[in-house]
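Hello,

Here is the structure I promised to pass on to you. Have a look at it first, and then read on for what turned up in it.

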Amino acid sequence: MKFDRRLISHFDWVLFLLILALLGAGILAVYSATYAGHRRFSSLAVRQMSWAAMGVGCLLVAFAVDYRRLERWVYVPYCLSLVLLVLVPLIGSSGGGARRWINLGAFSLQPSEVVKVALLLVLARFYHRHIPPAGYGLRDLLVPAVLAALPAALVLAEPNLGTTVILGLLFLTVTFAAGIRWSALALAVVAGGSVLPLLWHHMKPYQKQRVFSFLDPSQDPLGAGYHMIQSKVTIGSGMVWGKGFLQGTQNRLDFLPEKHTDFVFAVVAEEWGFIGAVALLALYGALLAKLLSIAWQARDRFGACLAVGAASAVFWQLLINLGMNLGVLPVVGVPLPLLSYGGSSLLTMMTCLGLALNVSTRRSLY
């Protein structure tokens with residue numbers, strides 16, 4: 001295979017460096033969240049660095065193959081991810097009251113994260129090949145709705161409410177960008193609202209308790225409301241300039257739960273203060289602006305949908321995670337993109353961003 005040198009001259013360095021900057025911030029945050037008072041890295045911090053290196057590998061693989069050639073193969077990863085989701089209740093391992101992982105020896109794979117990339121690919125293919133002249137009506141959306149509903153139902157059964165919500169938002173965002181009719185959008189919103197009572201009926205008791213605690217954290221301050229209360233206290237203790245790297249008291253004294261995963265933003269806010277939190281959000285803002293710019297300038301609808309999907313994955317996870325940390329949304333276990341500890345979520349996000357990098361770099365070649 002002959003290497004096209006134009007890929008180097010048109011490489012999107014801005015996007016690549018933004019991703020590396022957030023990856024670096026994530027390693028520092030996980031290192032600080034798991035710091036035990038000596039100079040050696042904790043095993044979790046070492047593993048996060050390994051995930052980051054593997055994530056860069058996933059990004060480069062997703063970048064290397066021309067994204068237009070991927071279009072014909074998108075149902076392969078989609079079907080594989082469905083098989084993995086079906087296997088979860090049969091051979092999966094449990095943790096935190098849910099069965100979500102498949103043990104592969106060296107690491108545990110979370111299929112509900114992998115399916116995000118697969119769903120993005122099949123949605124992009126559908127909206128590239130089916131373009132009704134007056135926009136998508138509800139009948140036109142039957143196929144993509146089924147493509148999204150199948151994995152979402154399997155993920156909800158784990159149970160994994162947070163990832164189910166992300167899959168639904170990914171579907172809605174890519175569909176909106178592809179051109180849904182306003183009348184169809186209104187009907188979809190009404191239909192979605194009518195499903196909420198059914199969703200509530202199937203939620204586990206601990207998930208309902210999280211919603212009650214979100215509405216009134218003082219109802220159970222040492223139980224379901226503990227995460228939310230401690231997160232807000234940790235963020236507030238950082239004040240304007242923060243307490244300094246490795247100096248966060250709420251973090252070091254173990255008041256903050258899940259500090260290296262779902263609540264890693266609180267660790268950053270405590271150590272770097274309001275200024276550091278704003279700087280981190282500015283990095284995310286620049287990344288989202290870059291992804292939307294790639295979607296706007298893409299040569300075809302397939303590439304545009306891939307870039308919109310990558311932006312959607314970053315935006316909704318960022319929004320929900322910040323909402324959890326600030327106490328304005330229920331705690332549903334959604335990681336902070338590129339910062340939270342976790343191999344499956346990081347590799348999935350890096351693959352999505354690699355597809356966007358693929359679209360951006362090849363935009364100038366054809």
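Phenylalanine 274 has a relative accessibility of 53%, so this residue counts as exposed, the cut-off for that being over 50%. Please keep in mind from here on that the model is a predicted one. You will find phenylalanine 274 in helix 13, which covers residues 264–297. What does Phe274 form on the surface together with Met239, Val240, Trp241, Ile275 and Val278? These six residues make up a nonpolar patch, and their accessible area together is about 680 Å².

Helix 13 also holds one end of a salt bridge, so let me stay there for a moment. The side chain of glutamate 270 meets that of lysine 243, at 3.7 Å from N to O. Glutamate 270 sits in helix 13, while lysine 243 belongs to the loop between helix 11 (226–237) and helix 12 (249–252). The two are 27 residues apart, and the pair links distant parts of the chain. Is each partner buried or exposed? Glutamate 270 counts as buried because its relative accessibility is 0%, whereas lysine 243 is partly exposed at 34%.

How many salt bridges does the structure hold? There are 7. As general background, side chains of opposite charge can pair when their charged atoms come close. Two further examples are worth finding on your screen.

One of them joins glutamate 71 and arginine 129, with 2.9 Å between the closest N and O atoms. This pair, too, links distant parts of the chain, 58 residues apart: glutamate 71 is in the loop between helix 4 (67–70) and helix 5 (75–91), and arginine 129 is in helix 6. Glutamate 71 has a relative accessible area of 9% and is therefore buried. Arginine 129, at 46%, counts as partly exposed.

The other brings together the side chains of aspartate 140 and arginine 181, at 3.9 Å from N to O. Aspartate 140 is in the loop between helix 6 and helix 7, and arginine 181 is in the loop between helix 8 and helix 9, so this salt bridge ties together parts that are 41 residues apart in sequence. Both partners are partly exposed: aspartate 140 has 29% relative accessibility, and arginine 181 has a relative accessible area of 35%.

Arginine 181 comes up again with glycine 137. Glycine 137 is in the loop between helix 6 and helix 7, and with 5% relative accessibility this glycine counts as buried. Which residues does glycine 137 contact, if neighbours within four places in sequence are left aside? They are Arg181 and Ala184. For a sense of distance, glycine 137 and leucine 318 lie 181 residues apart in sequence, and their C-alpha atoms are 30 Å apart in space.

Another buried residue to look at is leucine 119, in helix 6 (residues 111–129). Its relative accessibility is 0%, which is why leucine 119 counts as buried. Apart from neighbours within four places in sequence, leucine 119 touches Tyr78, Leu147, Ala148, Leu167 and Leu170. Leucine 104 is 15 residues away along the chain, and the C-alpha atoms of leucine 119 and leucine 104 are separated by 23 Å.

Now for the spaces in the model. The largest pocket has a volume of about 1,700 Å³. Its lining is made of 44 residues, and those nearest the centre are Gly168, Gly192, Val195, Leu196 and Leu199. Which helix gives the largest share of this lining? That is helix 9, with 13 residues. Helix 7 (142–156), helix 8, helix 9 (182–202) and helix 10 each supply at least two residues.

There are also closed spaces: 2 cavities of 30 Å³ or more were counted. The largest cavity contains about 80 Å³ of space. Its lining includes Arg100, Asn160, Met203, Tyr206 and Pro330. Helix 8 (161–178) and helix 10 (205–215) each provide at least two of the residues lining this cavity, and helix 10 gives the most, with 4. Helix 8 and helix 10 thus appear in the linings of the largest pocket and of the largest cavity.

Enjoy exploring, and write back with any questions.

Best wishes

Methods
Residues are numbered from 1 along each chain as its sequence is written. This is a predicted model: local features need pLDDT of at least 70, side-chain atom pairs count only at pLDDT 80 or more; totals for chains, interfaces and linings use all residues. Side-chain values use heavy atoms; hydrogens and water are left out. Patches are made of residues with over 30% relative accessible area and no salt bridge: like charges are joined within 9 Å, nonpolar side chains (Val, Leu, Ile, Met, Phe, Trp, Tyr) within 5 Å. Accessible areas come from the Shrake-Rupley method with a 1.4 Å probe; for residues, only the protein chains shown count as cover. A salt bridge is a side-chain nitrogen of Lys or Arg within 4 Å of a carboxyl oxygen of Asp or Glu. Buried means under 20% relative accessible area, exposed over 50%, partly exposed in between (1.4 Å probe, protein chains only). Contact means heavy atoms within 4.5 Å. On a 1 Å grid over the protein atoms alone, a cavity is a set of points where a 1.4 Å probe fits but cannot get out, and a pocket is an open set with protein on both sides within 12 Å along at least five of seven lines; lining residues have an atom within 4 Å of a point. Grid points are joined across faces, edges and corners, and a volume is the space filled by probe spheres set on the points.
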